[in-house]
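Grab a coffee and open the viewer. Below are some short exercises, each with a solution worked out in steps.

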2 protein chains.
Amino acid sequence: MFNHIEGMNYPPREFQETGFQNIIKIIRAYPLATLISVHNNKLYTSHIPLIYYKDKQFPFGKLAGHIDIHNPQLNALQKGTAVNIIFHGPDSYISPSLFKADHLPTWNYIKVHIEGKPREIKSKDTLRQSLLKMTESLEANTSGYMLSENHPTMNKLLDYIVGFEIEITSWEGKFKLSQNKPTEEQDMAIQSMTVENKKDISALVKSILKDFQRSS
Amino acid sequence: MFNHIEGMNYPPREFQETGFQNIIKIIRAYPLATLISVHNNKLYTSHIPLIYYKDKQFPFGKLAGHIDIHNPQLNALQKGTAVNIIFHGPDSYISPSLFKADHLPTWNYIKVHIEGKPREIKSKDTLRQSLLKMTESLEANTSGYMLSENHPTMNKLLDYIVGFEIEITSWEGKFKLSQNKPTEEQDMAIQSMTVENKKDISALVKSILKDFQRSS
């Protein structure tokens with residue numbers, strides 16, 4: 001079941017996730033993907049939400065999303081160049097002060113790496129359906145808002161985006177969660193990560209937006 | 001002051017951060033970097049914390065960090081191949097249900113992109129000092145733990161890691177924060193992102209670790 005991405009068997013095996021169910025769990029909880037293409041020796045990266053779907057054609061299923069027609073990565077995707085995708089689960093600094101033992105500082109994280117083959121969605125109807133399904137999926141745990149097939153802005157948007165389906169060809173879970181430590185210490189590391197991830201970000205974001213408005 | 005990374009002038013200008021102070025703010029608040037190298041036409045990525053330092057030699061300063069000697073990206077870094085680095089600030093789905101106006105669903109995020117030139121830290125003493133300074137920086141807002149120069153595990157570790165300094169050659173802020181919306185709606189989007197980012201992650205992480213232990 002473990003699918004080795006060439007040149008990426010790092011971190012060591014103890015930090016590698018081997019169950020595809022956990023890979024899907026992270027993709028669904030953290031859908032904002034870093035989409036990476038290397039095309040004509042040039043690197044392109046975009047940040048877009050991708051939705052996971054099972055598909056009888058592909059053993060590991062597929063991801064669906066869309067990008068703006070002005071995004072410089074478009075050509076690489078349309079040409080079908082293989083993509084590397086990273087989904088970012090939670091992460092946090094793990095201070096030695098948490099433990100009785102004299103550990104070194106470290107950083108824990110959950111990252112999912114996917115390799116896939118993109119294929120353009122050429123039909124406007126299929127793209128529209130893809131947007132409706134994406135919204136349904138993203139709204140599942142929030143307000144339950146439903147995007148209407150006749151939403152006028154959406155129907156204008158269809159001319160300014162290109163939709164893709166990406167067949168998952170291989171995957172790797174880089175789940176660094178203190179698995180090399182005793183269970184008690186693993187629990188303390190999870191607790192620390194949980195607290196860290198509850199930090200109030202509003203002051204930071206507001207200060208950035210304030211500077212932003214001033215400088216632009 | 002705006003430093004265009006070639007082929008990356010996307011998203012549109014209204015979502016691009018132009019103040020370097022805000023770039024540093026995000027690097028300091030979210031130090032876990034995605035380090036990307038393209039070397040001999042092959043893509044390498046690692047997730048490591050990087051610390052920002054001012055440096056008289058470099059107008060935009062430098063980043064410092066280290067990787068394991070078994071990391072397949074090591075060679076690209078030692079050869080000095082240019083790196084692309086992404087720092088991941090907060091992000092969240094923005095539901096149309098937040099607004100009175102009939103907006104489309106979107107995803108807001110704060111991402112910092114850096115291009116840089118890596119240079120290996122060859123002296124063990126300099127590397128040791130780099131680890132001490134990194135710990136001091138990461139502990140600034142936590143327990144105040146101090147790493148000792150004589151920490152026995154750290155001194156053993158020095159043979160199994162390679163340290164780097166990365167000169168920042170260009171940078172770009174992809175700060176998508178509803179800046180194209182009225183201030184009132186920007187505030188609602190920040191509030192939504194803040195709530196979303198306070199989600200309790202412990203159940204998710206525990207369920208993953210449980211499966212993990214079972215399957216390995």
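**Exercise 1. Placing a phenylalanine**

Where in chain A is the place of Phe15(A)? Work out its surroundings too, bearing in mind that this is a predicted model.

*Solution.*
- Start with the chain: Phe15(A) sits in the segment before β1 (16-17) of chain A.
- Next, count neighbours. Phe15(A) has 18 C-beta neighbours inside 10 Å, and a residue needs 20 or more to be buried, so Phe15(A) counts as partly exposed.
- Now look for contacts beyond four places in sequence: Phe15(A) touches Lys174(A), Phe175(A), Lys176(A) and Gln179(A).
- Compare that with Thr34(A), which is 19 residues from Phe15(A) in sequence and 21 Å from it in space, C-alpha to C-alpha.

**Exercise 2. Following one of those contacts**

Decide whether Phe175(A) is buried or exposed, and find the element it belongs to.

*Solution.*
- Phe175(A) lies in strand β8 (residues 161-176) of chain A.
- It has 26 C-beta neighbours inside 10 Å, so Phe175(A) counts as buried.
- For a link across the sequence, take Gly89(A): 86 residues separate it from Phe175(A) along the chain, yet their C-alpha atoms are 9.0 Å apart.
- Chain A as a whole can be looked at this way as well. Of its contacts with a separation of 6 or more, 69% are between residues 24 or more positions apart.

**Exercise 3. Taking stock of chain A**

List what chain A is built from, and in what order.

*Solution.*
- Count the elements: chain A has six helices and eight strands.
- Read them off from the N terminus: β-α-β-β-β-β-α-β-β-α-α-β-α-α.
- For overall dimensions, the C-alpha atoms fill a box of roughly 60 × 45 × 40 Å along the principal axes.
- Finally, 40% of the 216 residues in chain A are buried.

**Exercise 4. Checking two helices**

Which face of helix α3 of chain B do its buried residues line up on, and does the helix length add up? Repeat for α5 of chain A.

*Solution.*
- Length of α3(B) comes first. At 1.5 Å a residue, its 16 residues (124-139) should span 22 Å, and the end C-alpha atoms are indeed 22 Å apart.
- The buried residues of α3(B) are Leu127(B), Ser130(B), Leu131(B), Met134(B), Thr135(B) and Leu138(B).
- Down the axis of α3(B), these buried residues fall within an arc of 130 degrees, so they line one face of the helix.
- On the other side of α3(B), Asp125(B) and Thr126(B) are exposed.
- Over to α5(A): 14 residues (183-196) should span 20 Å at 1.5 Å a residue, which agrees with end C-alpha atoms 20 Å apart.
- In α5(A), Ala189(A), Ile190(A) and Met193(A) are buried. Their arc around the axis is only 100 degrees, which puts them on the same side of α5(A).

**Exercise 5. How the two chains meet**

How many residues does each chain bring to the contact, and how are the copies related?

*Solution.*
- The contact takes 69 residues from chain A and 69 residues from chain B.
- On the chain A side, helix α6 (residues 202-215) gives the most, with nine residues.
- Sorted by class, that side of chain A has 32 nonpolar, 26 polar and 11 charged residues.
- Zoom in on Val205(A). Beyond its neighbours within four places in sequence, it is in contact with Pro90(B), Leu177(B), Ile190(B) and Met193(B).
- Val205(A) is also among the residues with the most contacts inside the largest nonpolar core, which has 90 residues.
- For the symmetry, a turn of 180 degrees and a shift of 0.0 Å along the axis lay chain A on chain B with an RMSD of 0.0 Å. The copies are therefore related as by a two-fold rotation axis.
- In chain A, Lys198(A) has the C-alpha nearest that axis, at 2.1 Å.

**Exercise 6. Two unusual phi angles**

Compare the settings of Asn41(B) and Ser178(B).

*Solution.*
- Most residues other than glycine have a negative phi.
- Asn41(B) has a positive phi of about 65 degrees, and phi of Ser178(B) is near 55 degrees.
- Asn41(B) is in the loop between β2 (32-39) and β3 (42-49) of chain B, whereas Ser178(B) is in the loop between β8 (161-176) and α5 (183-196) of chain B.
- Asn41(B) is exposed, with 7 other C-beta atoms within 10 Å; Ser178(B), with 23 C-beta neighbours inside 10 Å, counts as buried.

Definitions and conventions. Residues are numbered from 1 along each chain as its sequence is written. Chains are lettered from A and ligands numbered from 1 in the order in which they are written. This is a predicted model: local features need pLDDT of at least 70, side-chain atom pairs count only at pLDDT 80 or more; totals for chains, interfaces and linings use all residues. Helices (H or I, at least four residues) and strands (E, at least two) are DSSP runs, numbered from the N terminus. The expected span of a helix is 1.5 Å times one less than its number of residues. A residue is buried if 20 or more other C-beta atoms lie within 10 Å of its own, exposed if 12 or fewer, and partly exposed in between; C-beta atoms are placed from the backbone. The arc is that of the directions from the helix axis to the C-beta atoms. Two residues are in contact if their C-beta atoms, placed from the backbone, lie within 7 Å. Ala, Val, Leu, Ile, Met, Phe, Trp, Tyr, Cys and Pro count as nonpolar, Asp, Glu, Lys and Arg as charged, and the others, Gly among them, as polar. A nonpolar core is a set of buried Ala, Val, Leu, Ile, Met, Phe, Trp, Tyr and Cys residues joined through C-beta atoms within 7 Å. Copies are superposed by least squares on the C-alpha atoms of residues with pLDDT of at least 70 in both.
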